[in-house]
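Reader: Before I use these coordinates, I would like to go through the packing step by step, with the reasoning spelled out for each answer.

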Amino acid sequence: SNLARNVLVHDAALALNLIRTGRDWEPSNTFLWSLWGQALAGLGWRGLAETVYWEATRRFPDDVVCRNALGTLLAGQGRVVEA
């Protein structure tokens with residue numbers, strides 16, 4: 001996950017592959033879910049990023065990082081009330 005975080009700034013597609021591998025090994029790692037959403041949004045796939053964040057909030061209801069990322073994504077799309 002740390003490698004993916006460092007790569008994300010330079011190559012979102014490579015980071016996405018690293019994140020998916022990490023998620024397969026450690027599906028309950030909330031940091032990877034947050035990075036997954038960031039990578040998808042960085043690639044312009046905001047709908048998929050939103051889906052990942054919604055799923056993360058369902059799986060990890062106490063994770064404030066994914067909730068905040070979801071809110072930021074929604075607000076950036078003009079969906080302030082939903083955010």
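Reader: Leaving aside neighbours within four places in sequence, which residues is Thr57 in contact with?
Author: In this predicted model, Thr57 lies in helix α4. Once the neighbours within four places in sequence are set aside, and with contact taken as heavy atoms within 4.5 Å, the residues that Thr57 is in contact with are Cys66, Arg67 and Leu70.

Reader: Is Thr57 buried or exposed?
Author: The cut-off for a buried residue is under 20% relative accessible area. Thr57 has a relative accessible area of 7%, and therefore counts as buried.

Reader: How far apart in space are Thr57 and Thr30, C-alpha to C-alpha?
Author: Thr57 and Thr30 are 27 residues apart in sequence. In space, their C-alpha atoms are separated by 9.6 Å.

Reader: At what angle do the axes of α4 and α5 cross?
Author: Two packed helices are described by the angle between their axes and the distance between the axes. Here the axes of helix α4 (residues 46-59) and helix α5 (residues 64-76) come within 9 Å, and the crossing is left-handed. The angle at which these axes cross is roughly 145°.

Reader: How many of the residues in the contact of α4 with α5 are nonpolar?
Author: On the α4 side the contact includes Ala49, Tyr53 and Trp54, and on the α5 side Ala69, Leu73 and Leu74 are among the residues met. Besides one polar and three charged residues, the contact of α4 with α5 has a nonpolar group that numbers nine.

Reader: Is Asp63, in the loop between α4 and α5, buried or exposed?
Author: Asp63 is placed in the loop between α4 and α5, and its C-alpha is 9.7 Å from that of Ser34, although the two are 29 residues apart in sequence. Its relative accessibility is 12%, so Asp63 counts as buried.

Reader: Which helices are included in what covers the buried residues of α3?
Author: The 13 residues of helix α3 (residues 30-42) should span 18 Å at 1.5 Å a residue, and the end C-alpha atoms are indeed 18 Å apart. Among the buried residues of α3 are Leu32, Trp33, Trp36 and Leu40. What covers the buried residues of this helix includes α1, α2, α4 and α5.

Reader: Which helices are included in what covers the buried residues of α5?
Author: In α5, the buried residues include Cys66, Leu70 and Gly71. The cover over the buried residues of α5 includes α3 and α4.

Reader: Where in the protein chain is confidence lowest?
Author: The mean pLDDT of the protein chain is 90, and 100% of its residues reach 70 or more. Where pLDDT is low, the predicted coordinates should not be read in detail. Confidence is highest in α4, at a mean of 96, and lowest, at 77, in helix α1.

Definitions and conventions:
Residues are numbered from 1 along each chain as its sequence is written. This is a predicted model: local features need pLDDT of at least 70, side-chain atom pairs count only at pLDDT 80 or more; totals for chains, interfaces and linings use all residues. Side-chain values use heavy atoms; hydrogens and water are left out. Axes are lines fitted to C-alpha atoms, for helices over the stretch in contact, and angles run from 0 to 180 degrees between N-to-C directions. Helices (H or I, at least four residues) and strands (E, at least two) are DSSP runs, numbered from the N terminus. A crossing is left-handed if the near helix is turned anticlockwise from the far one by less than a right angle, and right-handed if clockwise. Ala, Val, Leu, Ile, Met, Phe, Trp, Tyr, Cys and Pro count as nonpolar, Asp, Glu, Lys and Arg as charged, and the others, Gly among them, as polar. pLDDT is the predictor's confidence in each residue, from 0 to 100. The expected span of a helix is 1.5 Å times one less than its number of residues. Buried means under 20% relative accessible area, exposed over 50%, partly exposed in between (1.4 Å probe, protein chains only).
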